[in-house]
Amino acid sequence: MMLDVQGLRTGYGRIPILNGVSFSVNEGEFIGILGHNGMGKTTLLKALMGFLPATGGRVHFAGADITAAEPYQRARLGLGYVPQGREIFPALTVLDNLRMGCSKQAGGEQETIDEVLEEFPQLKRLLDRVGGALSGGEQQLLAIARCLCGKPRLVLLDEPTEGIQPSVIKDIERVIRALAERGNMAILLVEQYFDFARDLAAAYFVMQRGEVVVCGRREDMDEAAVRTYLTV
């Protein structure tokens with residue numbers, strides 16, 4: 001088991017958001033996290049990455065207890081994070097953004113970047129352009145590519161389709177599907193666009209008010225029941 005989360009609780013100040021979330025992720029597994037706004041999906045990813053402290057429960061990753069670990073320690077163990085809103089470095093070029101993704105490596109930066117760019121041909125012609133000049137879709141592709149430069153074992157993807165035009169969503173889907181098919185990287189995908197998540201993830205869980213209310217394999221899920229939780 002790569003990631004094991006048991007009874008995780010956290011929140012913002014005195015406001016609790018996660019109310020005892022438990023789940024696990026195996027090597028190479030692709031899990032979708034569904035639920036409409038305000039149900040705790042993004043908070044969960046921030047807690048897993050260490051940006052929010054746990055107020056209860058335990059998180060184990062790659063055999064280590066990371067419940068109290070700093071974000072950089074989690075990254076070094078192999079946790080990668082693509083946040084909602086992308087959060088690239090807008091004043092840096094595409095190439096320098098990718099270099100930042102390689103920052104925890106001891107060497108082989110250019111080789112890593114070249115390997116990652118094979119999955120992102122759209123970025124090859126943009127290497128000298130600053131990140132802030134890219135379209136929203138190009139920024140999203142850059143954010144994923146930057147994450148992959150850190151050679152993560154588990155990628156946390158927070159709503160990669162948000163605010164992206166349909167034609168670019170297809171590019172993002174192609175990249176994520178290719179990563180999943182490698183089988184050597186686990187993926188946790190937070191998504192409101194049900195059809196996008198359904199077509200990619202092998203298993204799902206649905207969050208409501210900071211708790212997991214439905215979980216299961218794709219072939220066992222009642223799609224109509226899941227969609228009721230996604231209706232505002």
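**Close-up views of a predicted model**

**View 1. Gly32 and its opposite residue in β8.** Gly32 stands opposite Leu189, a residue of β8. The model shown in this and the other views is predicted. Strand β3 (residues 30-34) and strand β8 (residues 186-190) run parallel and are joined by four bridges. Strands of a sheet pair through backbone hydrogen bonds, in either a parallel or an antiparallel way.

**View 2. The sheet of six strands.** Here β3 and β8 appear within an open sheet whose order is β6-β7-β8-β3-β9-β10. The pairing in this sheet is mixed. The edges are taken by β6 (79-82) and β10 (211-217); each has a single partner strand, so one side of each has no neighbour in the sheet. From one strand to the next, the twist averages 15 degrees.

**View 3. Helices α6 and α7 on the six-stranded sheet.** Helix α6 (residues 136-148) lies across β6 and β7 (154-158) and runs at about 170 degrees to β6. Helix α7 (residues 166-182) also packs on the sheet, where α7 touches β3, β7 and β8. The direction of α7 makes about 145 degrees with that of β8.

**View 4. The sheet of four strands.** A second view of pairing shows an open sheet with the order β2-β1-β4-β5 and antiparallel pairing. At its edges stand β2 (15-25) and β5 (64-65), each with a single partner strand, so one side of each is left free of a neighbour in the sheet. Two bridges link strand β4 (residues 56-61) to β5 in the antiparallel sense. Phe61 stands opposite Ala64, which belongs to β5.

**View 5. Helix α1 on the four-stranded sheet.** Helix α1 packs on the sheet and touches β1 (3-12), β2 and β4. Its direction makes about 110 degrees with that of β1. Helix α1 (residues 41-49) is mostly covered, with eight of its nine residues buried. Among the buried residues are Lys41, Thr42, Leu44 and Met49. Just after α1 comes Gly50, which takes a positive phi of about 95 degrees.

**View 6. The crossing of helices α3 and α4.** Two packed helices are described by the angle and the distance between their axes. The axes of α3 (residues 94-101) and α4 (residues 109-117) come within 10 Å and cross at roughly 115 degrees. The two helices are therefore roughly perpendicular. Their crossing is right-handed. Helix α3 contributes Leu95, Leu98 and Arg99 to the contact, and α4 contributes Glu109, Ile113 and Leu117. Of these residues, four are nonpolar, none is polar and two are charged.

Definitions and conventions:
Residues are numbered from 1 along each chain as its sequence is written. This is a predicted model: local features need pLDDT of at least 70, side-chain atom pairs count only at pLDDT 80 or more; totals for chains, interfaces and linings use all residues. Side-chain values use heavy atoms; hydrogens and water are left out. Axes are lines fitted to C-alpha atoms, for helices over the stretch in contact, and angles run from 0 to 180 degrees between N-to-C directions. Angles under 35 degrees count as roughly parallel, over 145 as roughly antiparallel, 65 to 115 as roughly perpendicular and the rest as oblique. A crossing is left-handed if the near helix is turned anticlockwise from the far one by less than a right angle, and right-handed if clockwise. Contact means heavy atoms within 4.5 Å. Ala, Val, Leu, Ile, Met, Phe, Trp, Tyr, Cys and Pro count as nonpolar, Asp, Glu, Lys and Arg as charged, and the others, Gly among them, as polar. Two strands pair if DSSP finds at least two bridges between them. Buried means under 20% relative accessible area, exposed over 50%, partly exposed in between (1.4 Å probe, protein chains only).
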